[in-house]
Amino acid sequence: MTIFQAPKGTYDLIPPDSAKYLAVREAIAAPLRNSGYGYVETPGFENVELFARGVGESTDIVTKEMYAFETKGGDRLALRPEGTASVLRAALEANLHKSGNLPVKLWYSGSYYRYERPQKGRYRHFSQVGAEAIGAEDPALDTELIVLADQAYRSLGLSGFRILLNSLGDRECRPVYREALQGFLRGLDLDEDTRRRVDINPLRVLDDKRESVRKQLVGAPLLRDHLCDACKAYHEEVRELLTAASVPFEDDERLVRGLDYYTRTTFEFVHDGLGSQSAVGGGGRYDGLSEMIGGPALPSVGWALGVDRTVLALEAEGIALELPASTSVFAVPLGEEARRALFAVVTGLRRAGVAADFSYGGKGLKGAMKSANRSGARYALVAGERDLADGVLQLKDMESGEQAPVALDSAVEEIRARLA
Ligand code: ATP
Ligand code: MG
């Protein structure tokens, strides 16, 4: 018989750890919900061209990481490697940008797929929560997003992260810089792949993590020195608003991002406890993306935070999230008659909003109490024939060990009152 395993580069979320993932998604979403962002959900796959054109032909994502396939009907699709292109596509398709209410602010949460070399913090299936603000050019909007991500991480108790900030310029100043950079890079000793990258997307070369490349990049021209006045003023405003919001950041003139569509404000959240997969999230402004995928000019900004790496960051900082107990009351029936009576009480408790569970499988008292212990329940609710004859159930406080009878008729109300 075949024993199946999760595919390479993937892993399952299993209780109790899976609760952390839900809590992280919730913590990232909460500040967004509270700031005018509406929930959007798009398909797990899209027309492959959406990513090839949107994310950029020269990116790692498109050249080697994409799960692309042809359907039986002959459509060329790809599992989504990122969220922004899909969300913008959906907003355009639904004409949200014509609502007269810009920016359109959306948030999302889901699975993403990249054919990467698996290692700690880098998987082929991973999870992101993201936010996009579509159709407005306003430094306060860029700042809002950075502030909300900062708030999300802090609400989880994280403190070991840093915000790296840069501006990538716009269609005025970036081409001039690009040429200057290409001139510099063409004078270096680089392998064939990297030389090709110099032609297609030279900014990406600045992001090369190999030491052999890094040491040659000392003295490379910096975009900072080529920014046009408008980009400079915009960037300065973002920096000032962040400072006013008491969100510390570091200027990183070498920060570029893996995707081709970014312009102006670019940022990354890095966590120092994660080793080489240190980016827990990233984003920036993408003023040209809408036009690249066939839409009107819609200057926009967004980010995506990695849920997997955020969980790793929590572990690195030794943070145990305070997760609500999944079970408050665990019912332990002794005998057939008690089983029916307690099952009804458990149903009543659940309908009244109390988290309750039941000992299934006809376990004896010892085994059932073990289950009650494992469930983390505050109370065990025990009943045998004699209790039922007296019209009571025994409520056992799992912390103190104290036990007291509660009337069967009013058990639900009484237990609810005690838990409140
Ligand atoms: P990296 O430089 O680490 O490859 P990236 O620039 O490709 O990151 P983005 O596309 O900006 O990452 O995605 C945003 C976030 O999603 C990242 O900061 C990271 O936390 C997470 N992420 C990206 N790729 C993966 C992956 N393969 N496995 C787990 N998390 C990932
Ligand atoms: Mg990557």
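Student: How much space lies in the largest cavity?
Tutor: Good place to start! Keep in mind that this is a predicted model. Counting cavities of 30 Å³ or more gives two. In the largest cavity, the space comes to about 60 Å³.

Student: Which element gives the largest share of the lining of that largest cavity?
Tutor: Let's look at the residues first: the lining includes Val-87, Tyr-108, Ser-109 and Tyr-112. Two elements give two or more residues to it, namely helix H4 (84–93) and strand E5 (104–113). The largest share is three residues, and they come from E5.

Student: How many nonpolar residues are in the lining of the second largest cavity?
Tutor: This cavity has a volume of about 30 Å³. Among the residues that line it are Leu-168, Leu-203, Leu-206 and Leu-223. By class, its lining has one polar residue, one charged residue and, for the nonpolar class, seven.

Student: Now the open sheet: which strands are its edge strands?
Tutor: Try reading along the eight strands, in the order E1-E5-E6-E11-E10-E9-E7-E8. An edge strand pairs on one side only. That leads us to strand E1 (38–39) and strand E8 (250–251).

Student: Which residue in E8 does Leu-165 stand opposite?
Tutor: Strand E7 covers residues 161–167 and runs parallel to E8. Two bridges join E7 and E8. Opposite Leu-165, in E8, you will find Asp-251.

Student: At about what angle does helix H1 run to E6?
Tutor: Helix H1 covers residues 18–33. This helix lies across E5, strand E6 (125–134) and strand E11 (300–306). Relative to E6, helix H1 runs at about 5°.

How values were computed:
Residues numbered from 1 in each chain as written. Chains lettered and ligands numbered in written order. Predicted model: local features only at pLDDT ≥ 70, side-chain atom pairs only at ≥ 80, totals over all residues. Heavy atoms only, no water. 1 Å grid on protein atoms, 1.4 Å probe; cavity = no way out; pocket = protein on both sides within 12 Å on 5 of 7 lines; lining within 4 Å. Points joined across faces, edges and corners; volume = space filled by probe spheres on them. Helix = DSSP H or I, 4+ residues; strand = E, 2+ residues; numbered from the N terminus. Nonpolar A, V, L, I, M, F, W, Y, C, P; charged D, E, K, R; others polar. Pairing = 2+ DSSP bridges. Contact = heavy atoms within 4.5 Å. Axes fitted to C-alpha atoms, helices over the stretch in contact; angles between N-to-C directions.
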